[in-house]
Amino acid sequence: MSTRPEFVDFDVGNATLGALRWPGLLGTPTVVAVHGLTANAWAWDPVVHQLSGGAEVIAVDLRGRGRSLDAPIPFGIRRHADDVAAIVDRVGGPVFVVGHSMGAFVAMMAAERHPEAVRDIVLVDAGPPIMSAAGADVDVDAALESSLGSAFERIGQLWPDRVSYHAMWSSHPAFVDGIGPDLERNLLAELVEVDGGFRVAVSEAAVRWDGRELLTDDEVRTLLDRRTTPTTIVRAEFGALGEPPGLIPAADCDRYPQHQWIEATGLNHYTVMNSATGAALVADALRRTITQ
């Protein structure tokens, strides 16, 4: 069957959000897929290929990203979770929700706020608090710059052409094994043409808003602490720069023994999603969750 998605739009009340929809085989369940902080719906393309029709997948562009770039405020994990629930209401639920990075927190928040909409969730390289809580004397904006400085540069830069953008990713330490045709297509899908070149279809305001919540909002940070349902979590060995430590400390596997941990050995925060090995691992975790 074809693995090419169709573009769909969802009215979620005060906004229309873009999404990609891959149909599944007859009778298969629906999965809503939620991308990370600076990504978009195309991030799920490699995983869908590995699913081979085992689910209908709807990957949403969260507010401030992709085809939802101009969606109005508020941003934030609760707003994104409510948007997911509104999409489920349109397509019919309950559904499975899978989230990568920030999307994992959106998936958990959707399950907590809208249990009638979510059958189960799968988390990819996120779930526990990202770092120790920022105290009152901590400059949160400085913490964001420290952790996301290169992302802010990418978002703010005017790229003269697609070749220069591709070259930037090709030299990224997370992709030392190279960028294949599928990943190349998905990365270039991040660009929108503007006067003088191309920009990444990501709102810096949305990234800062969401990033602050991930670092400082106690309700968001402790979502996994409150989740009692055993949950599958895929953990990459390496971080976003392709080196140790991983985004999830190894000690967190012991801290949350009620959950099922799948170790993505040799993979990093990016390749756990978009390498053939990583996408197959995530797809397999989804299959097991769907069929259990």
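The following dialogue treats the sheet, the salt bridges and the pockets of a predicted model.

Q: How are the strands of the open sheet ordered, and what is the pairing?
A: Strands of a sheet pair through backbone hydrogen bonds, and the pairing may be parallel or antiparallel. Here eight strands form an open sheet, with the order β1-β2-β4-β3-β5-β6-β9-β10 and mixed pairing. The edges are occupied by β1 and β10 (260–264); each has a single partner strand, so one side of each is left without a neighbour in the sheet. On average, and with direction ignored, neighbouring strands of this sheet are turned by 25° against each other.

Q: Which way do β5 and β6 run, and how many bridges join them?
A: Strand β5 (residues 95–100) and strand β6 (residues 118–124) run parallel and are joined by six bridges. Within this pair, valine 95 stands opposite valine 118 in β6.

Q: How many salt bridges does the count give?
A: Side chains of opposite charge can pair when their charged atoms come close. With a cut-off of 4 Å between the nitrogen and the carboxyl oxygen, the count comes to 22 salt bridges.

Q: What parts does the pair of aspartate 9 and arginine 67 tie together?
A: The side chains of aspartate 9 and arginine 67 meet in a salt bridge at 2.9 Å, N to O. Aspartate 9 belongs to strand β1 (residues 6–11), while arginine 67 lies in the loop between β4 (56–60) and α2 (77–91), so the pair ties together parts that are 58 residues apart in sequence. Aspartate 9 is exposed, at 51% relative accessible area, whereas arginine 67 is partly exposed, at 38%.

Q: Is glutamate 56, the partner of arginine 21, buried or exposed?
A: Glutamate 56 is buried, with a relative accessible area of 15%, the limit for that class being under 20%. Arginine 21 is partly exposed at 25% relative accessibility. In their salt bridge, the closest N and O atoms are 2.5 Å apart. The pair links distant parts of the chain, with arginine 21 in strand β2 (residues 16–22) and glutamate 56 in strand β4, 35 residues apart.

Q: Where does the salt bridge of arginine 255 and aspartate 225 lie?
A: The closest N and O atoms of arginine 255 and aspartate 225 are 3.7 Å apart. Arginine 255 lies in helix α10 (residues 251–255) and aspartate 225 in helix α9 (residues 223–226), 30 residues apart. Arginine 255 is partly exposed at 47% relative accessibility, and aspartate 225 is partly exposed at 37%. Elsewhere, salt bridges that share partners join Arg78, Glu213, Asp217 and Glu219 into one network.

Q: How much space lies in the largest pocket, and which residues are closest to its centre?
A: Rolling a probe the size of a water molecule over the atoms shows where empty space is left. The largest pocket holds about 1,100 Å³ of space. It is lined by 45 residues, of which Thr38, Leu148, Ala240, His269 and Tyr270 are the closest to its centre. Elements giving two or more residues to this lining include α5 (162–170) and α7 (204–216). The largest share, seven residues, comes from α4. By character, the lining divides into 25 nonpolar, 16 polar and four charged residues.

Q: What is the volume of the second largest pocket, and what lines it?
A: Its volume is about 370 Å³. Among its 23 lining residues, Gly178, Thr271, Asn274, Ser275 and Ala276 are the closest to the centre. Two or more residues each come from α1 (45–51), α6, α11 and α12 (276–291). This lining comprises 11 nonpolar, 10 polar and two charged residues.

Methods:
Residues numbered from 1 in each chain as written. Predicted model: local features only at pLDDT ≥ 70, side-chain atom pairs only at ≥ 80, totals over all residues. Heavy atoms only, no water. 1 Å grid on protein atoms, 1.4 Å probe; cavity = no way out; pocket = protein on both sides within 12 Å on 5 of 7 lines; lining within 4 Å. Points joined across faces, edges and corners; volume = space filled by probe spheres on them. Helix = DSSP H or I, 4+ residues; strand = E, 2+ residues; numbered from the N terminus. Nonpolar A, V, L, I, M, F, W, Y, C, P; charged D, E, K, R; others polar. Buried < 20%, exposed > 50% of the residue type's maximum accessible area, 1.4 Å probe, protein only. Pairing = 2+ DSSP bridges. Axes fitted to C-alpha atoms, helices over the stretch in contact; angles between N-to-C directions.
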